[in-house]
Amino acid sequence: MDIIKFVAFLLVSHLVLMQIFRLTTYHAYFWKALPVLLAHSALVGYLLFAFAHHKFFLWQVVLASAWLFSIARKQRKVAGAMLSFAGEDADTVRLMALSSAKTSSYYTYSSFIYVAGFSLVYLAIYNQ
């Protein structure tokens with residue numbers, strides 16, 4: 001039964017995270033949405049401890065990281081396809097490449113912040 005609760009927790013936390021990432025990967029909203037991402041990652045770390053999912057902590061880290069990495073790979077493929085459809089106008093291609101690179105870097109930053117955030121909060125509470 002514990003595993004079912006953990007899987008539900010993982011899915012719900014990831015679905016909420018993806019909604020937050022919709023904001024943090026936009027160039028204009030990254031800094032404004034960063035407190036929401038930090039709060040969510042802290043909440044996930046706290047709830048992981050509060051629900052006594054201690055034996056699943058490393059699974060949370062590994063599965064969340066793998067999931068975020070696989071999404072990043074898919075986004076990279078989509079960005080490559082967008083660039084191929086951009087046409088031959090150098091300014092358009094350059095603008096799309098710059099936008100894609102920024103989005104990718106914001107996604108990477110957001111992913112790192114999320115995994116590090118919930119890990120640090122969980123470990124801080126666990127070690128008290």
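Val115 is a buried residue, with a relative accessible area of 16%. In this predicted model, Val115 is found in helix 4. Its contacts, leaving out residues up to four places away in sequence, are with Val61, Ser65 and Leu68. Another residue to look for around Val115 is Ser41: the two are 74 residues apart along the chain, yet their C-alpha atoms are separated by 7.3 Å. Val115 is called buried because its 16% falls under the 20% cut-off for that class.

A similar pairing involves Tyr46, which lies in helix 2. Tyr46 and Leu120 are 74 residues apart in sequence, and 9.9 Å separates them in space from C-alpha to C-alpha. Once neighbours within four places in sequence are set aside, Tyr46 is in contact with Val121 and Ile125. Unlike a buried residue, Tyr46 has a relative accessible area of 45% and is partly exposed. The reason is that 45% sits between the 20% limit for buried residues and the 50% limit for exposed ones.

These pairs can now be placed in the overall fold. The protein chain contains 4 helices and 0 strands, and reading along the sequence gives the pattern α-α-α-α. Taken along the principal axes, a box of roughly 55 × 30 × 20 Å holds the C-alpha atoms. Among contacts with a separation of 6 or more, 80% join residues that are 24 or more positions apart. Of the 128 residues in the chain, 33% are buried. The chain exposes about 8200 Å², and 71% of this area is supplied by carbon and sulfur atoms.

How confident is the predictor in this picture, and what is the mean pLDDT of the protein chain? The mean is 90, and 100% of the residues reach 70 or more. Among the elements, helix 2 (residues 30–50) has the highest mean pLDDT, at 94, while helix 3 (residues 57–84) has the lowest, at 89.

Helix 1 is a good place to follow both the inside and the outside of the protein. This helix has 23 residues and reaches 32 Å from its first C-alpha to its last, close to the 33 Å expected at 1.5 Å a residue. Its buried residues are Phe6, Phe9, Leu10, Ser13, His14, Leu17, Met18, Ile20, Phe21 and Thr24. The buried residues of helix 1 pack against helix 2, helix 3 and helix 4 (90–126).

On the outside, there is a nonpolar patch made up of Met1, Ile3, Ile4, Val7, Leu11 and Trp67, which together have about 600 Å² of accessible area. Helix 1 (residues 2–24) gives the largest share of this patch, with 4 residues. One patch member, Ile4, has its place in helix 1. Ile4 counts as exposed because its relative accessibility is 54%, and the exposed class begins over 50%.

One last detail is found in the loop between helix 2 and helix 3, where Ala52 is located. Most residues other than glycine have a negative phi. For Ala52, however, phi is near 60 degrees, a positive value in a residue other than glycine. As for its surroundings, Ala52 counts as partly exposed, since its relative accessibility is 48%.

Terms used. Residues are numbered from 1 along each chain as its sequence is written. This is a predicted model: local features need pLDDT of at least 70, side-chain atom pairs count only at pLDDT 80 or more; totals for chains, interfaces and linings use all residues. Side-chain values use heavy atoms; hydrogens and water are left out. Patches are made of residues with over 30% relative accessible area and no salt bridge: like charges are joined within 9 Å, nonpolar side chains (Val, Leu, Ile, Met, Phe, Trp, Tyr) within 5 Å. Accessible areas come from the Shrake-Rupley method with a 1.4 Å probe; for residues, only the protein chains shown count as cover. A salt bridge is a side-chain nitrogen of Lys or Arg within 4 Å of a carboxyl oxygen of Asp or Glu. Helices (H or I, at least four residues) and strands (E, at least two) are DSSP runs, numbered from the N terminus. Buried means under 20% relative accessible area, exposed over 50%, partly exposed in between (1.4 Å probe, protein chains only). pLDDT is the predictor's confidence in each residue, from 0 to 100. The expected span of a helix is 1.5 Å times one less than its number of residues. Contact means heavy atoms within 4.5 Å.
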